[in-house]
Amino acid sequence: MEHSYNYLYVLAAVAVMAIVTYIPRMLPLTFMRRKIQNRFIRSFLYYVPYAVLAAMTLPGILYSTANVVSAVTGMAAAIFLAYKKKGLLIVALGAVFVVFVTEQLWAYVPMPL
């Protein structure tokens with residue numbers, strides 16, 4: 001059975017992707033042997049994972065429902081419950097409940113033509 005793709009090409013593509021992924025992780029370890037003393041850089045590096053996580057999660061939250069209004073209300077409910085120090089299950093179920101109620105109520109809102 002003959003395949004339409006070349007195994008050597010696929011292996012080369014996987015190797016290139018592995019190298020490109022590995023280089024940004026390896027370079028800081030090889031060139032920065034001592035501890036970073038600058039408070040600004042340390043603070044910046046501390047908050048990078050949170051900023052990246054927010055940048056990756058926010059579009060998924062806003063476009064995961066039928067309309068943006070229910071997504072924003074669900075996100076607001078999740079933020080409120082998390083701020084009140086509720087558990088992860090309560091926050092998730094609360095956000096789902098708010099999105100469900102908003103979707104049901106939004107179905108009865110007359111839309112302009």
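This section describes the fold, the surface and selected residues of a predicted model of one protein chain.

The protein chain contains four helices and zero strands, and its elements follow the pattern α-α-α-α when read along the sequence. Its radius of gyration is 23 Å, well over the 13 Å given by the globule rule for 113 residues, so the chain is more spread out than a compact globule. The C-alpha trace spans about 60 × 55 × 30 Å along its principal axes. Buried residues account for 11% of the 113 residues in the protein chain. Among the contacts with a separation of 6 or more, 40% are made by residues 24 or more positions apart. The chain exposes about 10200 Å², and carbon and sulfur atoms supply 73% of this area.

Part of the surface is formed by a nonpolar patch of about 700 Å², made by Phe40, Ile41, Phe44, Leu45, Val48, Val52 and Met56. Two of the patch residues were examined individually. Phe40 is placed in helix α2 and has a relative accessible area of 64%, which is over the 50% cut-off, so Phe40 is classed as exposed. Ile41 also lies in helix α2, but its relative accessible area is 37%, and Ile41 is therefore partly exposed, between the limits of 20% and 50%. The C-alpha atom of Ile41 is separated by 35 Å from that of Leu89, a residue 48 positions away along the chain.

The passage from α2 to α3 was considered next. Leu62 is placed in helix α2, which covers residues 39-62. With a relative accessibility of 22%, Leu62 counts as partly exposed, because a buried residue must be under 20%. When neighbours within four places in sequence are left aside, Leu62 is in contact with Val68, Ala71, Val72 and Met75. For one of these partners, Val72, the C-alpha atom is 6.6 Å from that of Leu62, with the two residues ten positions apart along the chain.

Asn67 occupies the loop between α2 (39-62) and α3 (68-83). Its relative accessible area is 16%, below the 20% limit, and Asn67 is therefore buried. The side chain of Asn67 reaches the backbone nitrogen of Ser70 at 2.9 Å. Beyond its neighbours within four places in sequence, Asn67 is in contact with Glu103 and Trp106.

Ser70, the residue whose backbone nitrogen is reached by Asn67, is found in helix α3. Ser70 is buried, with a relative accessible area of 0%. Its side chain is joined to the side chain of Glu103 by a polar contact of 2.5 Å. Apart from neighbours within four places in sequence, the residues in contact with Ser70 are Thr65, Val99, Thr102 and Glu103. Glu103 is thus listed among the contacts of Asn67 and among those of Ser70.

A further polar contact involves Thr73, which is likewise found in helix α3. The side chains of Thr73 and Thr102 form a polar contact of 3.2 Å. With neighbours within four places in sequence left aside, Thr73 is in contact with Val98 and Thr102; Thr102 is also one of the residues in contact with Ser70. Thr73 has a relative accessible area of 29% and is partly exposed, whereas Ser70 is buried. In relation to Leu27, Thr73 is 46 residues apart in sequence and 42 Å apart in space, C-alpha to C-alpha.

The loop between α3 and α4 (88-106) contains Lys85. The phi angle of Lys85 is near 65°, a positive value in a residue other than glycine. Most residues other than glycine have a negative phi. Lys85 has a relative accessibility of 73%, which is over 50%, and therefore counts as exposed.

Key
Residues numbered from 1 in each chain as written. Predicted model: local features only at pLDDT ≥ 70, side-chain atom pairs only at ≥ 80, totals over all residues. Heavy atoms only, no water. Helix = DSSP H or I, 4+ residues; strand = E, 2+ residues; numbered from the N terminus. Buried < 20%, exposed > 50% of the residue type's maximum accessible area, 1.4 Å probe, protein only. Polar contact = N/O pair within 3.5 Å; in protein donor to acceptor, adjacent residues only side chain to side chain. Contact = heavy atoms within 4.5 Å. Patch = residues over 30% accessible without salt bridge, like charges linked within 9 Å, V, L, I, M, F, W, Y side chains within 5 Å. Areas by Shrake-Rupley, 256 points an atom, 1.4 Å probe, with all protein chains shown as cover. Salt bridge = Lys/Arg side-chain N within 4 Å of Asp/Glu carboxyl O. Rg over C-alpha atoms; globule rule 2.2 N^0.38 Å.
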